[in-house]
Amino acid sequence: MEKEAAGRIRELLEFIYKDQAGRAEQLVLAAMERWQSSVPRNRTGAGGQGRSVQPTGGQGRGGQFSEKDVLLISYGDMIAADAEDQPGPAGQTALGRLGNFINRHAAGLFSYVHILPFCPYSSDDGFSVMDYRVVDPALGNWDDIRVLGRGRKLVFDLVLNHASAQGVWFKRFLAGEKPYDRYFITRPLDYDSRSVTRPRTHPLITPCKLDDGRIVGLWTTFSADQVDLDFSEPAVLADFVDILLEYAARG
């Protein structure tokens with residue numbers, strides 16, 4: 001990593017984390033180094049594993065969006081298995097059917113395909129993520145996404161404000177495993193949340209029993225199944241840096 005970039009990262013982490021900046025820097029740089037050889041260094045496209053793919057639509061200066069770009073936004077399972085005029089091998093995955101449909105009926109029309117959340121989830125149409133590093137087996141796998149990205153650019157959702165109360169991180173939180181015991185925002189059960197405005201009717205603080213028997217209050221902005229993540233813990237930021245870079249490496 002260039003010295004100037006490393007210095008800028010250090011400066012930002014010192015601003016955010018103060019006395020924890022050293023640990024934050026160590027964790028974030030380790031995540032960046034893991035993906036350094038896999039993430040494309042340009043913005044002309046990414047087809048997975050560091051290989052560049054030329055999109056079918058227009059591009060602005062420097063590979064940025066332009067008025068010539070067109071995005072198709074879709075869930076991974078929008079094409080039914082028994083859809084008419086949907087040829088393909090028996091047992092084709094949902095993501096495979098989506099790619100096949102686009103290639104047959106919309107070839108060259110879209111420069112980007114935005115796949116809505118495709119990780120295993122427990123609620124909210126994919127936005128309550130259980131495992132950020134896995135493709136939901138009901139949709140397919142990472143190879144299906146790689147194939148979907150051939151000849152076009154991909155957009156992934158990164159749901160980073162909350163995670164599933166049934167997910168892998170939360171199970172470790174319940175068990176008191178470090179650093180996951182600090183991954184989620186907690187408050188006293190009698191926390192006064194009257195100053196918090198949000199378009200929800202359920203209580204902001206959700207009681208939760210830890211594996212050791214203690215009861216804590218979870219900050220749950222959107223639902224009791226979506227627990228807000230605590231970015232004051234540097235490991236949370238580092239995990240999302242790692243996840244974001246993996247997404248970039250995979251297209």
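Here are three short exercises, each with a worked solution, on a predicted model of a single chain.

**Exercise 1: the overall layout**

Work out how many helices and strands the chain has, and in which pattern they follow along the sequence.

*Solution.* Start by counting elements: the chain holds six helices and eight strands. Next, read along the sequence, which gives α-α-β-α-β-α-β-β-α-β-β-β-β-α. Then turn to the contacts: of those with a separation of 6 or more, 62% are between residues 24 or more positions apart. Finally, look at burial, where 45% of the 251 residues are buried.

**Exercise 2: a sheet and its edges**

Find the strand order of the open three-stranded sheet, and explain why β5 and β6 each have one side without a neighbour in the sheet.

*Solution.* First, write down the order, β5-β7-β6, and note that the pairing is antiparallel. Second, look at the ends: β5 (186–187) and β6 (205–209) each have a single partner strand, so one side of each lacks a neighbour in the sheet. Third, zoom in on β6 and β7 (residues 215–219), an antiparallel pair joined by five bridges. As a concrete check, cysteine 208 has valine 216 in β7 as its bridge partner.

**Exercise 3: the surface**

Identify which residues form a nonpolar patch on the surface, and state their accessible area together.

*Solution.* Begin with the whole chain: its accessible surface is about 13,800 Å², and carbon and sulfur atoms contribute 54% of that. Now pick out the patch, made up of Leu12, Phe15 and Ile16, which together have about 330 Å² of accessible area. To place one of these residues, note that isoleucine 16 belongs to helix α1 (residues 3–17).

Methods. Residues are numbered from 1 along each chain as its sequence is written. This is a predicted model: local features need pLDDT of at least 70, side-chain atom pairs count only at pLDDT 80 or more; totals for chains, interfaces and linings use all residues. Side-chain values use heavy atoms; hydrogens and water are left out. Helices (H or I, at least four residues) and strands (E, at least two) are DSSP runs, numbered from the N terminus. Buried means under 20% relative accessible area, exposed over 50%, partly exposed in between (1.4 Å probe, protein chains only). Contact means heavy atoms within 4.5 Å. Accessible areas come from the Shrake-Rupley method with a 1.4 Å probe; for residues, only the protein chains shown count as cover. Patches are made of residues with over 30% relative accessible area and no salt bridge: like charges are joined within 9 Å, nonpolar side chains (Val, Leu, Ile, Met, Phe, Trp, Tyr) within 5 Å. A salt bridge is a side-chain nitrogen of Lys or Arg within 4 Å of a carboxyl oxygen of Asp or Glu. Two strands pair if DSSP finds at least two bridges between them.
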